[in-house]
Every structure is written in structure tokens, then in C-alpha cells.
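Trainee: Before we discuss the terms used for this protein, could we put the model in view?
Mentor: Yes, here it is.

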Amino acid sequence: MMIGIDKMGFATPKYQLKMADLAQARGVDPNKYSEGLLLDALSIAPITEDIITLAASAAQDILTEEDKAAIDMVIVATESSVDQSKAAAVYVHSLLDIQPFARSFEVKEACYSATAALNYAKLHVEKSPQSRVLVLASDIAKYGIGSAGESTQGAGSLAMLITSNPRLLAFQDDNVAQTRDIMDFWRPNYSETPFVNGMYSTKQYLDSLTTTWAEYQKRSGKELTDFAAFCFHLPFPKLALKGLNKLINKGISEEKKEQLLDNFAHSITYSKQVGNIYTGSLYLGLLSLLENAKTLKAGDQIGLFSYGSGAVSEIFSLKLMPDFDQQLQTQRQASLDQRQTLTVAQYETLFFEETKLDETGSREFAHYASNAFRLTGIKEHQRQYSKVSRNDN
Ligand code: HMG
């Protein structure tokens with residue numbers, strides 16, 4: 001029995017900040033962002049769009065009524081959680097009207113946790129093949145105005161439906177993970193923004209990649225030439241390109257190198273316009289590859305490198321199923337283009353708006369464009385969500 005990803009959905013806020021505008025405002029050469037980081041724009045979330053609305057919107061995109069009746073587990077992977085106790089997955093389960101006899105919970109390990117969630121989902125479907133598991137990777141990456149990480153912010157959510165006999169991609173049971181206790185990026189409970197050792201984090205990312213890759217090759221016997229494409233966690237696309245170049249060794253043919261670099265370019269198409277979405281970044285890269293590459297075919301293997309600061313990394317592979325192209329969308333670029341472009345001043349107001357509650361712990365939020373769901377306010381410390389109708393934006 002094969003188990004894997006049957007469908008993928010994606011949601012990102014309706015607002016964007018162009019890197020060229022940010023560069024001008026911060027007195028930075030725009031080429032530093034466009035060439036040095038390979039970033040063109042960042043998605044910006046208003047206060048009414050949180051990890052729950054993004055996750056529910058990403059899933060709403062792909063789920064049928066039959067899926068909602070069959071899903072018996074909802075997992076949200078995030079590092080920008082809105083509650084220390086109640087899981088985002090419980091809200092998402094409710095917003096999507098998934099049948100009640102389901103297990104819903106949240107998982108965390110920086111940008112890595114969606115990979116752990118996929119592994120858990122796979123084990124569950126192995127035990128009960130009729131089950132469907134909804135895995136959501138949802139984050140809003142906020143480093144702060146004028147900080148070194150400001151250029152690598154972003155927001156978005158990936159939804160993946162894990163089933164037996166998947167129509168998109170099958171897991172291949174070749175995962176190799178690595179844990180190392182380091183302080184490259186972390187966010188204590190008392191801080192709204194992360195602490196980052198930026199340069200050190202990039203070194204740790206690359207070193208985790210090469211050492212996990214060496215162990216993966218030893219255990220699986222696979223070489224880079226076995227893959228049609230390699231997807232990477234994308235804190236910013238340039239770092240992943242450095243990673244791919246580290247894996248490409250001298251023995252590899254020019255033709256294979258060209259295929260890998262070409263497919264890499266397709267895998268960063270969306271992230272270049274969205275920024276870092278933490279847990280979902282790797283999977284946005286995968287979606288971007290599938291929806292933009294022209295030469296992928298059934299049976300092709302795709303390698304994946306997952307990295308979460310702290311740090312846990314994992315390399316594994318997926319195989320393309322026969323009718324995978326039937327499961328993909330063609331409208332994605334158009335909806336990215338439709339995002340409203342903010343001035344830097346508007347971005348600073350919108351992205352860093354704080355929740356100021358009244359004495360009852362309540363507040364209604366102003367109206368901002370949202371995806372399928374909106375956080376309308378907080379009432380006596382309880383988050384209030386509503387469905388967005390077509391004419392509501
Ligand atoms: P910085 O100080 O903004 O930039 O820090 P820089 O000076 O290192 O320059 C960046 C690149 O632009 C360099 O390229 C420059 O040469 C180039 P490189 O030498 O590295 O190849 N450059 C130019 N290129 C063309 N024209 C120019 C020009 N000027 C400079 N005029 C840094 C960058 C990534 C450190 C910062 O943005 C940061 O701290 N970001 C947050 C941390 C991060 O993203 N780390 C990545 C690894 S850790 C990770 O992936 C986990 C994470 O996703 C979190 C999680 O797991 O939860 C972050």
C-alpha cells in the first residue's frame with residue numbers, strides 16, 4: 001500500500017511588500033535583496049489574518065465534503081501559535097466542519113515540525129488506510145522593523161491531505177533526521193519576535209544539510225542523480241541555492257546539473273514572492289516546483305531537505321504518482337499578482353498592529369481583505385472567526 005500526499009492547498013495574505021520598496025526605505029542596494037537573497041516581495045498579514053485563518057483557507061481550497069467526512073486527524077505545525085493551550089487545529093477543525101470524531105492538535109519544532117507531522121500522519125494511515133489526515137503548516141514570520149531578519153519575513157499556510165493510494169506524491173520510507181542543540185534562532189515565550197544569530201544560522205543550515213545528506217546516502221544508497229528535483233526549506237531562496245550547489249558534486253553530468261538547477265528555479269518561484277513562511281516554506285517550494293516545472297513525469301523522485309532552527313533537520317523523498325498533474329492548480333500566480341501592494345509606511349502599520357483589548361478583554365478589528373476566513377475580533381479573550389463571503393473583501 002502506498003501512502004502520501006493526495007492534494008496540496010496554499011493560502012497567503014492579500015497584501016504584499018515589494019523588496020525594492022523596502023530596500024529604498026532602509027537605504028539598502030535593492031540588488032542585495034533581489035540577488036543576494038533572491039527575494040522580490042513578502043506577503044504581509046493584517047491583524048485579521050492569523051495562522052488559523054490562513055490554515056483553514058489553505059485547506060478550504062482543496063477539501064471536498066467526502067474528505068471532511070473521512071478526515072480523522074487534523075495537525076497544525078506552527079511556531080507562531082496564538083494560544084499556549086488550545087491548539088490551532090481545534091479552531092481549524094471547527095471552521096472547516098470536519099466530522100467530530102477526529103484527533104486535532106498542534107506540533108512545534110521551528111520550521112521543521114510539518115515534516116514531523118507528515119511522518120505521524122503516515123503512521124496513522126498505515127494503521128487505518130481508510131483514514132485521511134489533514135496536515136497544515138501555518139506561520140507568520142515577523143522579525144521586526146529595521147532588524148537584520150526584516151527582509152526574510154513572510155506569511156502563509158500549506159495544507160496537505162495524507163491518504164493511502166495518493167494521487168499526487170508517495171512517501172518512500174527513506175527518511176533520515178538529525179538533531180543538534182544549538183542557538184541559531186529561537187523565540188522565548190516573553191518575546192514577540194525571535195532572537196537570531198543570522199550568519200551562524202545559515203552555517204548551521206548548510207552543515208545540517210551536508211551531514212544529513214551524507215548519512216542519507218549511506219543508509220538509502222541513493223545519489224543525487226536519482227532525483228529529478230530537490231526541494232529545500234526556504235528561509236530565503238539564495239541559501240537553498242547554496243545548499244543545492246553543495247550537493248552537486250564534480251561527477252555529475254552537465255545535463256543532470258541543468259535539470260536540477262532548472263527545477264530548483266521552479267521550486268523558488270512562489271517563495272521569491274511570499275518570503276519565509278517557516279513550517280510551510282519547504283512545502284511551498286514543493287508546490288511551486290509541481291505547478292511550474294514542465295518536465296516532471298510520473299515515477300520521478302523528488303528529494304526534500306527540512307530544517308528547523310534549534311535544530312532538527314531531515315532528508316526524505318517523494319515519488320510522483322501517475323496522474324499527479326490532475327491534482328494541481330494553474331491560477332496560483334494570478335492570485336499572487338492580485339495581492340495589494342503596500343507602501344513601507346502601510347506595511348509597518350499593518351504588520352505590527354497590536355491587539356489592544358478593553359477592560360472586558362474584547363475588541364473588534366477593522367476590516368481588511370482576507371482569504372476564506374477572517375479573525376473579526378476578540379470577545380472576553382476568545383478569538384472570533386467568520387467565513388468571508390465572495391463580496392466581503
Ligand atoms: P544581512 O546582514 O541582511 O545580509 O543578513 P548579508 O550582508 O549577509 O547579505 C546577504 C547576501 O546579499 C550576501 O550574499 C551578500 O554578499 C549579498 P552571500 O555572500 O551570503 O552569498 N549582497 C549583495 N548582492 C548583490 N548586490 C548587493 C549586495 N549586497 C549584499 N549590493 C541574514 C542576512 C540571512 C543573516 C538575515 O536576513 C537574517 O538574519 N535572517 C533571518 C535568519 C535566517 O533566515 N537564517 C537562515 C538559516 S536558519 C533557518 O532556515 C530557520 C528559520 O527559517 C527559522 C526556523 O527554523 O524557525 C530562519
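**Terms and values**

Mentor: Residues up to four places away in sequence aside, Lys 222 touches Gln 172, Asp 174, Tyr 216, Gln 217, Phe 227, Gln 301 and Ser 317, where contact means heavy atoms within 4.5 Å. The model is predicted, so local features need pLDDT of at least 70 and side-chain atom pairs count only at pLDDT 80 or more, whereas totals for chains, interfaces and linings use all residues. Residues are numbered from 1 along each chain as its sequence is written, and side-chain values use heavy atoms, with hydrogens and water left out.

Trainee: Why is Lys 222 called buried?
Mentor: Buried means under 20% relative accessible area, exposed means over 50%, and partly exposed lies in between, with a 1.4 Å probe and protein chains only. Lys 222 has a relative accessible area of 14%, and therefore counts as buried.

Trainee: What makes the pairing of the side chains of Lys 222 and Asp 174 a polar contact?
Mentor: A polar contact is a pair of N or O atoms within 3.5 Å; within protein, one must be able to donate a hydrogen and the other to accept it, and residues adjacent in sequence count only if both atoms are side-chain atoms. The side chains of Lys 222 and Asp 174 are joined at 2.8 Å, and a polar contact of 3.2 Å joins the side chains of Lys 222 and Ser 317, so both values fall within the cut-off.

Trainee: Which positions does UniProt list for "binding site", and how do you know whether they gather at one spot or not?
Mentor: The unreviewed UniProt entry lists Asp 29, Tyr 143, Lys 242 and Asn 276. They span 248 residues in sequence, and the farthest two C-alpha atoms are 22.9 Å apart, so they do not all gather at one spot. UniProt positions are given in the numbering used here, feature names are shortened, and annotations may be inferred rather than shown by experiment.

Trainee: What makes Asn 276 buried, and Asp 29 partly exposed?
Mentor: Asn 276 has a relative accessible area of 2%, so it falls under the limit for buried. Asp 29, at 46% relative accessibility, lies between the two limits and therefore counts as partly exposed.

Trainee: Which backbone nitrogen does the side chain of each of these residues reach?
Mentor: The side chain of Asp 29 reaches the backbone nitrogen of Asn 31 at 2.9 Å, while a polar atom of the Asn 276 side chain lies 2.8 Å from the backbone nitrogen of Tyr 278.
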